[in-house]
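Trainee: Could you take me through one part of this model in detail? I'd like to look closely at the open sheet and then see what lies around it.

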Amino acid sequence: MVIAQPLKNWAGNVEFSTLTLHRPVSVEAVQELVADSELIRVLGTGHSFSTVADTTGDLLTVADLPRRIEIDADRRSVTVSAGTRFGELAQALDPEGWALHNLGSLPHISIGGAVATGTHGSGITNGCLASAVNAIELVTPSGELTVLRRGDEGFDGSVVTLGSIGVVTALGLDIQPRFEVEQRVYERLFLSALRVNLREILTSAYSVSVFLTWQRPFAEQVWIKHRVDAGEWPHGRDWLGATLAPSQRNPVPGQDPGFTTQQGGVAGPWHERLPHFRLEFTPSAGDELQTEYLLPIENAVAALDVLSGLADTIAPVLHVSELRTIAADELWLSEAYRQDSVALHFTWHPDPVAVDPVVRALEEGLAPLGARPHWGKVFAMEPADVAARYPRFADARTLIAGYDPDGKFRNAFTGKYL
Ligand SMILES: Cc1cc2nc3c(=O)[nH]c(=O)nc-3n(C[C@H](O)[C@H](O)[C@H](O)COP(=O)(O)OP(=O)(O)OC[C@H]3O[C@@H](n4cnc5c(N)ncnc54)[C@H](O)[C@@H]3O)c2cc1C
């Protein structure tokens, strides 16, 4: 089926260059569509802020393919259709006693889209969401259906590819026994204390997020997500001068705390605590742009100093910033490739013209620290500078060209950056 309508991404800042969205209902139909198309691309749930998913050719979604969630307890793996949203997968895994290692800040995104862009949650022992991928079912540019498995030659280059090697119809993901998480929010962590204890703070629980607006001498909120099976809560009521929030909080100033996952130390299932936002509500500010850079955690204090120095530039166009950590992985185009990383995130006002010079100022300041931009968010870095951040970039290019020599899956974004 083909739907004709003006197509925009979730944030509304990208209007797609095509009016048609194909909605195949079988893998065979995907194969036919791909084989017959000259130029094609997949749309996930459209949560990227960059033009990574755009195309002037055919756009398709895999959301209507038959839903698959097949748990293999012996292999600790689940095979899931790529159009499934993380929240839906979690609701199927948890009652069966299983969990994913981590989730992003929102459970609304498709698994295929999140994997393609190296999307991550937080936690210094937690790799990005794509690091759980152990198999990929793929319709290649010729229309052939193939399965790639972890350990196959080139697999590490085939997971985070920005949709460049074909249509991912299903993914195998590592799972582990379900676990419970307690979440608490601390308030008013002074920047001086944050700076001195930065690494300790960011690595002080299973998942940690520091939220700041750069308008005050303190970080407004620190979200701590603690695995119950790791023992006692790791901090006191007062922690490094910060105090426990007396009630539920939303990290975005002025937004409804009811949209966020349960805090206050009430233990609950992993998937109802690891995201910040509840599946049934609009996440984040809703009216926004986002930018994020990942850089080696060794450079976290230097990066904080750069951001502090730019506070007056950042603050006027900012809803909120978030600092997180991500464990190193082996995926060639993952923003955390071979480096334990700190992520510097910015939720901006929805004003691209005002945001652009701020993004450029950030990139100038962070360039010496090895910042890699999030593929799915707004950035301005030159392609050569992006490529220079990735030791396996040339190999990734060769691998993609091998799959797609005629550029059937190419778009302006991947043409520019890959
Ligand atoms: C409110 C909000 C909060 C966010 N929070 C986080 C966060 O906590 N951490 C983080 O890292 N990012 C975050 N992001 C960014 C988001 O996770 C990424 O942009 C992610 O790619 C979105 O997934 P999607 O399904 O919407 O993908 P889309 O934006 O639709 O597509 C992204 C890319 O994936 C490709 N793709 C999608 N499906 C397939 C498929 N089946 N086969 C092949 N290619 C495919 C597309 O072609 C495109 O290149 C957030 C975004 C929003 C809007």
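Mentor: Here is a walk through that sheet, followed by its surroundings.

Keep in mind that this is a predicted model. To get our bearings, the protein chain splits into domain 1 (2–61), domain 2 (69–178) and domain 3 (180–386). Its secondary structure adds up to eleven helices and 21 strands, so let's keep to a small part of that.

The open sheet has five strands, ordered β5-β6-β10-β8-β9, with antiparallel pairing. At the edges you find β5 (69–72) and β9 (145–149); each has a single partner strand, so one side of each is left without a neighbour in the sheet. On average, neighbouring strands here are turned by 15° against each other, direction ignored. As a reminder, strands of a sheet pair through backbone hydrogen bonds, either parallel or antiparallel.

Start at the β5 edge. Strand β6 covers residues 77–81, and four bridges join β5 to β6 in the antiparallel sense. If you want a spot to click on, Asp72 stands opposite Ser77 in β6. The two strands make a hairpin with four residues between them. Within that turn, look at Arg76, which has a positive phi of about 50°.

Now jump to the other edge. Strand β8 (residues 133–139) pairs with β9, again antiparallel, and this time over five bridges. A handy marker there is Val139, whose bridge partner in β9 is Leu145.

Next, see what sits against the sheet. Helix α1 (residues 27–36) lies across β8, β9 and β10, and runs at about 130° to β10.

Strand β10 (167–174) also leads us to the ligand, as β10, β3 (40–43) and α3 (111–117) each supply at least two residues of the shell around the ligand. The largest share comes from α3, with five residues. In total, 34 residues surround the ligand, and the closest are Gly44, Gly112, Gly113, Gly163 and Gly376. By type, the shell divides into 15 nonpolar residues, 18 polar and one charged.

For contrast, move along the chain to β12 (residues 180–190) and check its partners. With strand β14 (residues 218–227), β12 pairs antiparallel over nine bridges; Glu182, for instance, has His226 in β14 as its bridge partner. Strand β16 (residues 242–244) is joined to β12 by two bridges, also antiparallel, and there Tyr186 is matched with Leu244. Then there is strand β17 (residues 268–269), which pairs with β12 over two bridges in the antiparallel sense. In that pairing, Val181 stands opposite Gly268.

Finally, step back to the domains. The centres of domain 1 and domain 3 are 30 Å apart, taken over C-alpha atoms. Six residues of domain 1 are in contact with nine residues of domain 3. On the domain 1 side of that contact, the residues divide into three nonpolar, three polar and no charged.

As for the overall dimensions, the C-alpha trace of the protein chain spans about 60 × 50 × 40 Å along its principal axes. A compact globule with 418 residues would have a radius of gyration near 22 Å, and the protein chain has 21 Å, which agrees.

How values were computed: Residues numbered from 1 in each chain as written. Predicted model: local features only at pLDDT ≥ 70, side-chain atom pairs only at ≥ 80, totals over all residues. Domains from an automatic or database assignment. Contact = placed C-beta atoms within 7 Å. Nonpolar A, V, L, I, M, F, W, Y, C, P; charged D, E, K, R; others polar. Near = placed C-beta within 6 Å. Pairing = 2+ DSSP bridges. Axes fitted to C-alpha atoms, helices over the stretch in contact; angles between N-to-C directions. Rg over C-alpha atoms; globule rule 2.2 N^0.38 Å.
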